[in-house]
Amino acid sequence: MTKKTIKNIGVFTSGGDSPGMNAAIRAVVRTALYYGVKVTGILRGYDGMISGDFVPMERKSVANIIQRGGTVLKTARSDEFRSSEGRKKAFEKLKLNNIDALVAIGGDGTFTGANIFYNEFKVPVIGLPGTIDNDLLGTDFTIGYDTAINTVIDAVDKIRDTAESHDRLFIVEVMGRDSGLIALRSGIGTGAEAILIPETKTDIKALLARLEMSRKDKSSKIIIVAEGDDAGGAFEIARRVKDKFPLIDTRVSVLGHIQRGGAPSCMDRVLASRLGVAAVESLIEGKTGEMIGIVHGKIHFTPFGQAIKHNTDVNKELLKIVEILSL
């Protein structure tokens with residue numbers, strides 16, 4: 001595939017939003033224009049593709065968005081796109097608007113759809129990993145992960161201030177239904193006494209024993225719990241603690257969707273910019289059906305089918321750090 005083959009790239013965001021998506025959109029648009037390729041923004045992900053909700057993108061379309069959280073192209077999850085009829089509608093709308101390649105920014109659901117769509121209609125597509133969970137294979141970090149863990153750290157630092165004032169135990173629940181990577185890194189970064197994640201079996205008895213050993217010092221304590229932890233989440237952990245230690249002042253704080261929002265960090269802005277440029281260049285060079293990531297500081301391509309197999313291997317060094325520093 002030569003450079004002249006690609007004339008109009010459609011760019012869209014899909015699934016959960018993540019900080020840095022706007023930086024990625026900006027990079028895709030400006031890189032395409034640099035190479036003389038038109039760019040069309042597709043609003044609301046696959047739903048917008050099916051309904052033909054398209055907008056032409058120019059340099060000014062992406063001015064002053066690099067610092068903004070969320071996504072200017074909006075995002076949605078599409079049940080209709082899961083059907084062959086829905087995907088056919090999407091293809092017809094792309095063809096009608098002369099869109100001959102796609103850049104998909106999202107996570108595993110986005111790439112699953114993109115993979116099926118490419119196999120059915122052969123529209124070239126490259127994926128950018130936009131998810132706060134950092135659970136895609138083929139990249140050291142996903143767009144939005146760094147911002148999300150720093151948001152957690154900022155929130156937990158504030159929670160610890162009030163915990164210190166009242167000698168309280170705070171159990172803080174963070175996002176991570178299938179992945180505990182937000183909990184793991186933010187827990188280390190905030191000096192949490194325990195970190196509970198889906199990838200490891202939660203030993204409630206060991207947790208209670210640790211609290212028993214340390215409760216006499218009457219200092220504040222923070223436990224970080226990923227929402228997908230097998231013990232049942234923060235409220236269940238709090239219930240078990242209260243049953244064992246009714247005199248411990250125990251509170252629960254669920255951080256929720258604040259982890260998705262906010263201005264992206266410098267790391268996420270640079271990561272998104274690098275990947276956006278590489279996405280357009282790779283389409284021009286003839287690549288398709290792959291996710292672009294950064295591995296050991298270099299651009300790396302991973303077929304969609306491999307990228308969406310969740311990264312379930314937890315860094316054993318980080319787990320050891322947790323064990324050592326939580327004493």
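**Exercise 1. The largest cavity**

Identify the residues that line the largest cavity of this predicted model, and describe the lining by element and by class.

*Solution.* The lining of the largest cavity consists of Glu193, Ala194, Leu207, Arg210, Leu211, Ser214 and Ile223. The next step is to assign these residues to elements: helix α7, which spans residues 204-214, contributes the most to this lining, with four residues. Sorted by class, the lining of the largest cavity contains four nonpolar residues, one polar residue and two charged residues. Finally, the space inside the largest cavity is about 30 Å³, and the structure has one cavity of 30 Å³ or more.

**Exercise 2. The two leading pockets**

Determine the volume and the lining of the largest pocket, and then those of the second largest pocket.

*Solution.* Begin with the largest pocket, which holds about 780 Å³ of space. Its lining comprises 33 residues, and those nearest the centre of the pocket are Gly15, Arg77, Asp108, Gly109 and Thr110. Helix α4 (residues 108-121) gives the most to this lining, namely six residues. By class, the lining of the largest pocket has six nonpolar, 17 polar and 10 charged residues.

Turn now to the second largest pocket, with about 420 Å³ of space. Here 17 residues form the lining, and Ile195, Leu196, Thr200, Arg210 and Val322 lie nearest the centre. At least two lining residues come from each of β7 (194-196), α7 and α11 (316-325). The lining of the second largest pocket divides into nine nonpolar, three polar and five charged residues. Arg210 also belongs to the lining of the largest cavity.

**Exercise 3. The nonpolar cores**

State how many residues the largest nonpolar core has, and which elements supply at least two residues each.

*Solution.* The largest nonpolar core has 33 residues, and Ile9, Val103, Ile105 and Leu128 have the most contacts inside it. The elements that each supply at least two residues of this core are the strands β1 (8-13), β4 (101-106), β5 (125-129) and β10 (290-295), together with the helices α1 (21-34) and α9 (266-285). Of these, α9 provides the largest share, eight residues.

Leu128 may then be examined in detail. With neighbours within four places in sequence set aside, Leu128 is in contact with Ala24, Val103, Ala104, Ile105, Gly106, Phe111, Ile143, Leu275, Gly276 and Ala279. Besides this core, there is a second, separate core of 27 residues, including Ile149, Ala155, Val174 and Leu181. As a general background, nonpolar side chains tend to be buried together in soluble globular proteins.

**Exercise 4. Two residues compared with the cut-off**

Decide whether Val156 is buried or exposed, and do likewise for Glu290.

*Solution.* Locate Val156 first: this residue is in helix α5 (residues 145-166). The cut-off for a buried residue is under 20% relative accessible area. Val156 has 0% relative accessibility and therefore counts as buried. Apart from neighbours within four places in sequence, its contacts are Val172, Thr190, Ile222 and Ile224. For orientation, the C-alpha atoms of Val156 and Lys287 are 42 Å apart, and these residues are separated by 131 residues along the chain.

Glu290 is located in strand β10. Its relative accessibility is 17%, so Glu290 also counts as buried. With neighbours within four places in sequence left aside, Glu290 is in contact with Val125, Ile126, Gly127, Phe301, Thr302, Pro303 and Phe304.

How values were computed:
Residues are numbered from 1 along each chain as its sequence is written. This is a predicted model: local features need pLDDT of at least 70, side-chain atom pairs count only at pLDDT 80 or more; totals for chains, interfaces and linings use all residues. Side-chain values use heavy atoms; hydrogens and water are left out. On a 1 Å grid over the protein atoms alone, a cavity is a set of points where a 1.4 Å probe fits but cannot get out, and a pocket is an open set with protein on both sides within 12 Å along at least five of seven lines; lining residues have an atom within 4 Å of a point. Grid points are joined across faces, edges and corners, and a volume is the space filled by probe spheres set on the points. Ala, Val, Leu, Ile, Met, Phe, Trp, Tyr, Cys and Pro count as nonpolar, Asp, Glu, Lys and Arg as charged, and the others, Gly among them, as polar. A nonpolar core is a set of buried Ala, Val, Leu, Ile, Met, Phe, Trp, Tyr and Cys residues joined through side-chain atoms within 4.5 Å. Buried means under 20% relative accessible area, exposed over 50%, partly exposed in between (1.4 Å probe, protein chains only). Contact means heavy atoms within 4.5 Å.
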